[in-house]
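Welcome! Here is a friendly walk through one protein chain, from its overall layout down to a handful of individual residues. Take a look at the sequence and the structure first, and then read on.

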Amino acid sequence: MTELDTVIHAPARLRVVSTLAALPAGDEIVFPRLQKLLGMTAGNLSTHVRKLEDAGYVRVSKAHAGRKPVTYLALTTDGRRAFEDYTTTLTALLKGPGA
């Protein structure tokens, strides 16, 4: 049996990835909306998003809406696959050996 992905397994990152995974593939969410949904501070969310981005699980794109900067977040194909693997592994662990 494989082990749980430690990048995703941290509680805050698991919340980020599971929220992004609920979006249709290819969709993105603005940073403040995700922050509000998760009830996290901007600094805490940024730290966890950076770790997920470094792992290739989250894509961060920056743009401008008028003169205001906007940050968009999306789960990458690798991130979606890693989350699916994570949930499969977790389910197997919860079922126990021989299930």
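## A buried histidine

Let us begin with a single residue. H48 is buried, because its relative accessible area is 14%, and buried means under 20%. Please keep in mind as you look around that this is a predicted model.

Where does H48 sit? Its place is in helix α4, which covers residues 42-54. Setting aside residues up to four places away in sequence, H48 touches A12, R13 and M40. Of these partners, A12 and R13 fall in helix α2, which spans residues 11-21.

## The chain as a whole

Now for the wider view. The protein chain has 5 helices and 3 strands. Following the sequence from its start, you meet them in the pattern α-α-β-α-α-β-β-α. A box of roughly 60 × 25 × 20 Å, taken along the principal axes, holds the C-alpha atoms.

The chain has 99 residues, and 34% of them count as buried. Among contacts with a separation of 6 or more, 54% are between residues 24 or more positions apart. The chain exposes about 6,300 Å², and carbon and sulfur atoms supply 55% of that area. As for charge, there are 13 positive and 9 negative charges, and the mean positions of the two groups are 11 Å apart.

## The sheet

How are the 3 strands ordered in the sheet? They form an open sheet in the order β1-β3-β2, with antiparallel pairing. The edge strands are β1, at residues 29-30, and β2, at residues 58-65, and each of them pairs on one side only.

Strand β3, residues 68-75, is joined to β1 by 2 bridges, and these two strands run antiparallel. You can find both ends of this pairing by eye: I29 has L73 as its bridge partner in β3, while V30 has Y72.

## The hairpin of β2 and β3

How many bridges pair β2 with β3? There are 8 of them, in the antiparallel sense. V58 has its bridge partner at L75 in β3, and H64 stands opposite P69 in the β3 strand.

The hairpin made by β2 and β3 has 2 residues between the strands, and here G66 takes a positive phi near 70 degrees.

V60 is a good residue to pause at, and it is found in strand β2. It counts as partly exposed because its relative accessible area is 24%, and partly exposed lies between the 20% and 50% limits. Leaving out residues up to four places away in sequence, V60 touches V49, E53, T71, Y72 and L73. Two of these partners, V49 and E53, lie within helix α4, residues 42-54, while T71, Y72 and L73 lie within β3, residues 68-75. V60 and Y72 are 12 residues apart in sequence, yet their C-alpha atoms are 5.8 Å apart in space.

## Helix α2 across the strands

Helix α2, residues 11-21, lies across β1, β2 and β3, and runs at about 85 degrees to β3. Two of its residues make a helpful pair to look at together.

Is A21, in helix α2, buried or exposed? A21 is buried, because its relative accessible area is 18%, and the limit for buried is under 20%. This residue is found in helix α2. Leaving aside neighbours within four places in sequence, A21 is in contact with L75, R80 and F83. L75 is a residue you have already met, as the bridge partner of V58. A21 and E84 are 63 residues apart in sequence, and their C-alpha atoms are 9.1 Å apart in space.

S18 also has its place in helix α2. With 31% relative accessibility, S18 counts as partly exposed. The C-alpha atoms of S18 and Y72 are separated by 16 Å, and the two residues are 54 residues apart along the chain. Y72 is the residue in β3 that serves as bridge partner of V30, and V60 touches Y72 as well.

Terms used:
Residues numbered from 1 in each chain as written. Predicted model: local features only at pLDDT ≥ 70, side-chain atom pairs only at ≥ 80, totals over all residues. Heavy atoms only, no water. Helix = DSSP H or I, 4+ residues; strand = E, 2+ residues; numbered from the N terminus. Buried < 20%, exposed > 50% of the residue type's maximum accessible area, 1.4 Å probe, protein only. Contact = heavy atoms within 4.5 Å. Areas by Shrake-Rupley, 256 points an atom, 1.4 Å probe, with all protein chains shown as cover. Lys, Arg positive; Asp, Glu negative; His and termini not counted. Charge placed at Lys NZ, Arg CZ, Asp CG, Glu CD. Pairing = 2+ DSSP bridges. Axes fitted to C-alpha atoms, helices over the stretch in contact; angles between N-to-C directions.
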